[in-house]
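Here are some notes to read alongside the picture. Have the viewer open and click through as you go.

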Number of protein chains: 2
Amino acid sequence: MIASAALVGEYGREIPMRAGEIIAIGSELLLGGRLDTNSLFLTEQLASVGVEVRFKSVVGDVEADIAAAIRTAARRAKVVVLTGGLGPTRDDCTRHAVARLTGRPLRRRPEAMESMRRRLAEWGRTPTGPQLRQALIPSGAEVLVNPVGSAPGFCLSWRGCLVVALPGVPAEAERTFAGSVGPKLALDSTVKERLERRLLHTFGLPESDVEGRLGGVVRAGSGVRLGLLASPLGVTVSLTAWRQHVSDLDRLARRVRVRLGQSVYAEGKDTMEEVVGRHLAAHHLTLAVAESCTGGLVGHRLTQVSGSSAYLDRVAVCYSDRAKVDLLGIPEALIRRHGAVSAEVAEAMARGIRSRSQAGVGLSVTGIAGPTGGTAQKPVGLVFVGLDAPGRRTTREFRFHGDRHSIKLRASQAALEMLRQWLVTTGSRGR
Amino acid sequence: MIASAALVGEYGREIPMRAGEIIAIGSELLLGGRLDTNSLFLTEQLASVGVEVRFKSVVGDVEADIAAAIRTAARRAKVVVLTGGLGPTRDDCTRHAVARLTGRPLRRRPEAMESMRRRLAEWGRTPTGPQLRQALIPSGAEVLVNPVGSAPGFCLSWRGCLVVALPGVPAEAERTFAGSVGPKLALDSTVKERLERRLLHTFGLPESDVEGRLGGVVRAGSGVRLGLLASPLGVTVSLTAWRQHVSDLDRLARRVRVRLGQSVYAEGKDTMEEVVGRHLAAHHLTLAVAESCTGGLVGHRLTQVSGSSAYLDRVAVCYSDRAKVDLLGIPEALIRRHGAVSAEVAEAMARGIRSRSQAGVGLSVTGIAGPTGGTAQKPVGLVFVGLDAPGRRTTREFRFHGDRHSIKLRASQAALEMLRQWLVTTGSRGR
């Protein structure tokens, strides 16, 4: 267990899969301050073709260390995916490690030269001396075209294991995998089907409540795996099964949805900001936001969605009381009487930003993100969200835990969720 | 190599250290969507006591897999740190894996019970049945007090290797390590000194320029390691050496600083937003920000710093043209003539937010974050930053590459950097 994540249900070997391993190569990944992120999408992609990642590891750009890691992995896995160390600099030695370990000398391969030349030509360049090293491929290995970078990948079979070497740059690794490795693995005669996954994202229910509501929903032997992951943005429920059980999976997903009710704000790859954006766009509503403790995070999240300018009119981050008076027209006396962190001010903020902007909906957040500024009456983590929408004017109080960043995250999520709830229930008829 | 990171100079075995490995345990870390972050601070902490992490790995909550990972690691390392799998649920089996592998049966240990009872008592609770499992420790192992959670850690020597088991929750892992493991490793007779590190964060210079300017600055055999890491927030230079070479290290750091000049915006653990905040506070200046394409990200970053309410007055995210007219008083004709993404509008935004708020400084960003909305004249990635400060009114044009998120990040960094440059050079005298 790590962070606030917890798994419930039958997580184990219920779904038989081929064992896979991922080895990320690069000394910078061992320096602290940088993490391998390729394994995130590789894990997903491999699972979808029936390969379960059971070990992930990170090694530096040291030939002997890379070889040792591959040797260990190949003993226990059917598929080993390497990322990184294929570039043109002297520290890039993945190809040398594979060549020496498998006894297949490096050869300059015409397909690799061609793939590299084509990419560089698009950028108006020709290969330099160091870049020519990128065309060196272990003999007998298959060259994997890199559609977005100059270093091609390769794959070969060794001791019954498929060893795949991908470039380290995330976009290149992803595109190279999707273009050749994914299809190859899917065609493998040992895979008869693919894994399907359903994700349901909830907010507002504690982890233990989600767990409680799902009790007994997945029976042992059903062939469906249930997982539960918690973060400041909420609790995500995952259901996984082979495609042959896809109707069971969908039936279970519907049952889970019913049990969790309105708390499910999104499914699959959707985010809260995308869901809210789609509802606003569908209803031809514009939005104006007044933020205090979240400092712009609500606006930042909404504008992560391409096309958000269609519905987001403005965001006023009123950190000072004077800004609340100026930009939102909140009476100073109201702030003096109730304090800037109060239901009254949250309501006035939502009302103020809506009326000043003439946007369809006004949303506000005010609170104490900490670590300083809390009192006994108004502790760190106290947050008020206000909503001013056609036919609906409301505020809600929250008490969050955690550090400054996670309180800001939870507060932004609570604000967006309050807006979503209104859009879903009232938004369609209340205008 | 991964992402846009690149290492230059002598990165290798120049500094002799004890070999270390980190094993993160938790099936949720293999599901995709979640990364082990404990290894980030553990790598730093271990380096500071002379342990170099050469391999990192991730395994699921599977006893045999955990044992296999420890066995492999112990063969090549002197220190193996495990995180996770010490909790009260049935899937937590790290202690069982260690006990079986090392042949040291689990015993309920009074010190562990005591540590757990004390923590739970603070929360007004007593241990439940499942929590009692957390007091099971391999016999002969030393119990490590967990100062912030209920699951204690432990450590033991096995085949000449120190095996340390820490809880998986990041705050608990960090505090448990700092409280007992760090001091123990530092006292180890084989460590005579500690590693020192200097970090210099730059923005505005391409990676190749930084590399070019640093050519020959670190000589082979100098005992100082030079590293270079690139991200959307800029290029970071790291210099590492044993404490006995600390004067060489500081001399080199000064030389690097001179060569990189004004591009160095922060050192060590400092962030851009902290540096800008400190300058503003020191000069008793308030700030108002007008954002367009960054959508609130500048405000979000500034308010990640505790105490930022002392200098941040307000942020106006003007996504619509009407908002620019209303909140900043920009003439509609100016927007029609030059377009919302233009030097003229950027200047008017900075001027408008400053005069309306009466803040000491006005800062603005307008641009095209993409992926849509670009034209031949105004492509995706075109960004203008405006600054309106006492004695200084200026704008600057940038052309960034990357996806929507990295363009937003680069634009926010460019805006804060422009403010910092003014604060450093003019800020002190220009008022």
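The points below take a sheet, a helix residue and the interface in turn.

1. Before anything else, remember that you are looking at a predicted model. Every number below is computed from that model.

2. Start with the sheet in chain B. What is the order of its strands? Going across, you pass β10, β11, β9 and β12, and these 4 strands make an open sheet with antiparallel pairing. In general, strands of a sheet pair through backbone hydrogen bonds, and the pairing can be parallel or antiparallel.

3. Now find the edges. In chain B, β10 (225-231) and β12 (264-267) are the edge strands, and each of them pairs on one side only. If you look along the sheet, you should see it twist: the average is 25° from one strand to the next.

4. Zoom in on one edge. β10(B) pairs with β11 of chain B (residues 234-242) in the antiparallel sense, over 7 bridges. For a pair to click on, try B:L228, which stands opposite B:V237 in β11(B).

5. Which helix packs on this sheet? Look for α8 of chain B, residues 246-260. Helix α8 touches β9 (195-202), β11 and β12 of chain B, and its direction makes about 5° with that of β9(B).

6. Next, go to helix α4 of chain B (residues 110-122) and pick out B:R119. Is B:R119 buried or exposed? Its relative accessible area is 10%, and the cut-off for buried is under 20%, so B:R119 counts as buried.

7. What is B:R119 in contact with, once you leave aside its neighbours within four places in sequence? The list is B:N146, B:P147, B:V148, B:G149 and B:S150. Take B:V148: B:R119 and B:V148 are 29 residues apart in sequence, yet their C-alpha atoms are 7.1 Å apart in space. Back in the helix, the B:R119 side chain also makes a polar contact with the side chain of B:E122, at 2.5 Å.

8. Finally, pull back to see where the two chains meet. On each side 86 residues take part: 86 of chain A are in contact with 86 of chain B. Between them the chains bury about 7000 Å², with 54% of that on carbon and sulfur atoms.

9. How many salt bridges are there between chain A and chain B? The count is 4. One to look up is between the side chains of A:D65 and B:R54, at 2.8 Å from N to O. Across the same interface, 34 residue pairs are in polar contact, with both residues at pLDDT 80 or more.

How values were computed
Residues numbered from 1 in each chain as written. Chains lettered and ligands numbered in written order. Predicted model: local features only at pLDDT ≥ 70, side-chain atom pairs only at ≥ 80, totals over all residues. Heavy atoms only, no water. Pairing = 2+ DSSP bridges. Helix = DSSP H or I, 4+ residues; strand = E, 2+ residues; numbered from the N terminus. Axes fitted to C-alpha atoms, helices over the stretch in contact; angles between N-to-C directions. Contact = heavy atoms within 4.5 Å. Buried < 20%, exposed > 50% of the residue type's maximum accessible area, 1.4 Å probe, protein only. Polar contact = N/O pair within 3.5 Å; in protein donor to acceptor, adjacent residues only side chain to side chain. Buried area = accessible area lost by both parts, 1.4 Å probe.
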